[in-house]
Amino acid sequence: MTKVIQAYIQEHTDELFSLLRELCAIPAPSHHEEQRAEFCKSWLESAGAEGVYIDDAKNVVFPYACEGSEKISVFFAHTDTVFPDTEPMPYVDDGENLLCPGICDDTANLAVLMMTVKFLLAKKITPPHGILFVCNSCEEGLGNLKGARQIFFDYAGRVKQFVTFDGHFSELADRCVGSHRYEVELRTEGGHSYEAFGNRNAIAELSRLVTEIYDIKVPVIGNSKTTYNVGIIEGGTSVNTIAQSAKMLCEYRSDNEDCLATMQAHFERIFAAAKSRGLDLTVTRIGERPCMGKVDLAKIEYMAHTVAEIIERNTGFSVERVSMSTDANIPLSLGIPSLCLGVCEGGGMHTREEWLVKKSYHLGLAVGIETVLALTTEEN
Ligand SMILES: [Zn+2]
């Protein structure tokens, strides 16, 4: 099979790059993936895929040999990017790298997933169990994993393993990071900065909350990692007005369920204390990514070991096992063995300077194809 894969890659490297370029040209902010979804659907159909559909969450779903298959494997790559742009973003080839916002996260991974599907169809490979290929929506930020939630609702009880192509070669996520995100709005009586001096200032009060958050000592259990962040703060009316309202977006994350609960208690204590000082505070939970549930760790170990070997043999990169916050959070919270691997190399994720390394990109297609074959055609 290795020779067949190598020959396919040689013949299709140009196509992989042009698919990537076409995808990059279609803006896809979270919740607004419709254009990219339409493109993916037609592309898959022209590659020979039958039964492709777009669901309510704007996922492009291709059930491959799923009919009559009780247990299915699910492969994801997300279509959305963190950028709100609705016009095509600049795409630059500097010889060594391709630069475009969102190119690695997750467009290059998406193109590999699509070319992997094309390979299976071209070689008429029929897996013993069904495979669900999904170009999914809403992985980023406030997309809040809407695409993944929809798939695990629609296919509840049928998924035996889950893999998402996201990130780059050297990181393999076999654990997930859960998080809670909040919008906190604070209002005070405000007033004229001179006449009403002494009235409470919403910015000052909110700043106190920020300081209290940054005084939290994060819990540690074993080798767990727990963090917090205040990402956006805004408010006030003018330089000579005692601010009447102020708002922030904040979050905490952990790869340990108990630590996540401890952080929740800290945040709730801070919010409760502010209310008890008589402040008008509205706290809205705007995001919730669950931690790991009870999962067959031996199965994850098998998947991670298999995939790490494929990446290292094909690319020469050494693979580090990490915890991340991805679409895999949903299946992991449901107890489904899951992995997140990258099938490209690059950097600057979530910045406008994001780049993809050209010379190793075709190797990602070998990793993509081998991963799907290894995890679905062998009985495991
Ligand atoms: Zn991503």
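Here are some worked exercises on this structure, which is a predicted model.

**Exercise 1. The eight-stranded sheet**

Work out the strand order of the open sheet of eight strands, and find which strands sit at its edges.

*Solution.* Start with the order, which reads β1-β2-β6-β3-β7-β16-β8-β15. The pairing in this sheet is mixed. Now look at the two ends: β1 (53-54) and β15 (320-324) are the edge strands, and each of them pairs on one side only.

**Exercise 2. Strand β16 and its neighbours**

Take strand β16 (residues 338-341) and describe how β7 and β8 pair with it.

*Solution.* Let's go one side at a time. Strand β7 (residues 159-165) runs parallel to β16, and four bridges join the two. On this side, V163 is the residue opposite L339 of β16.

Next comes strand β8 (residues 171-176), which pairs with β16 in the antiparallel sense over two bridges. Here L172 stands opposite L341 of β16.

You can take one more step outward from L172, as this residue also stands opposite R321 in β15. Strands β8 and β15 run parallel and are joined by five bridges.

Are the residues on the two faces of β16 buried or exposed? In a regular strand, side chains alternate between the two faces of the sheet. In β16, S338 and C340 are on one side, with L339 and L341 on the other. All four are buried, and both faces of the strand are covered.

**Exercise 3. Helices across this sheet**

Find which strands α3 and α7 lie across, and give the angle for each helix.

*Solution.* Begin with α3: this helix lies across β2 (60-64), β3, β6 (130-136), β7 and β16. Its direction is at about 140° to β3. Then turn to helix α7 (residues 297-315), which lies across β7, β8, β15 and β16. This helix runs at about 20° to β16.

**Exercise 4. The zinc site**

List the residues that coordinate the zinc ion, then decide why the arrangement counts as irregular.

*Solution.* First, the donors: H78 gives NE2, D105 gives an OD atom, and D166 appears twice with OD atoms. The distances are 1.9 to 2.6 Å. Along the chain, the donors follow the spacing H-x26-D-x60-D. H78 belongs to strand β3 (residues 72-78) and D105 to helix α3 (residues 103-122), so this pair ties together parts that are 27 residues apart in sequence.

Second, the geometry. To be tetrahedral, four donors need all angles between 85 and 135 degrees. The four donor atoms here subtend angles of 53 to 151°, so the arrangement is irregular.

Third, check burial, where the cut-off is under 20% relative accessible area. H78 has 0% relative accessibility, so H78 counts as buried. D105 has 9%, so D105 counts as buried too.

**Exercise 5. The four-stranded sheet**

Lay out the open sheet of four strands and say which helices pack on it.

*Solution.* The order is β11-β13-β9-β14, with antiparallel pairing. The edges are β11 (226-235) and β14 (280-289), each pairing on one side only. On average, neighbouring strands are turned by 15° against each other, direction ignored.

In the middle of the task sits one pair to look at: strand β9 (residues 178-187) and strand β13 (residues 245-254) run antiparallel, joined by 10 bridges. The bridge partner of L186 in β13 is A246.

Now add the helices. Helix α5 (residues 202-214) packs on the sheet and touches β9, β11, β13 and β14, with its direction at about 10° to that of β13. Helix α6 also packs on the sheet, touching β9, β11, β13 and β14, but its direction makes about 160° with that of β13.

**Exercise 6. Two cores**

Name the residues with the most contacts inside the largest nonpolar core, then find the second core.

*Solution.* In soluble globular proteins, nonpolar side chains tend to be buried together. The largest nonpolar core here has 67 residues, and L20, F133 and F165 have the most contacts inside it. Helix α3 gives the most to this core, with 13 residues. A second, separate core has 25 residues, including Y182, C250, A274 and C291.

Zoom in on F165: leaving aside neighbours within four places in sequence, its contacts include F75, N109, V112, L341 and V372.

Definitions and conventions. Residues numbered from 1 in each chain as written. Predicted model: local features only at pLDDT ≥ 70, side-chain atom pairs only at ≥ 80, totals over all residues. Heavy atoms only, no water. Buried < 20%, exposed > 50% of the residue type's maximum accessible area, 1.4 Å probe, protein only. Pairing = 2+ DSSP bridges. Donors = N, O, S within 2.8 Å, 3.2 Å for Na, K, Ca; no water. Tetrahedral: all angles 85-135°; square planar, octahedral: opposite > 155°, others 65-115°. Axes fitted to C-alpha atoms, helices over the stretch in contact; angles between N-to-C directions. Contact = heavy atoms within 4.5 Å. Core = buried A, V, L, I, M, F, W, Y, C linked by side-chain atoms within 4.5 Å.
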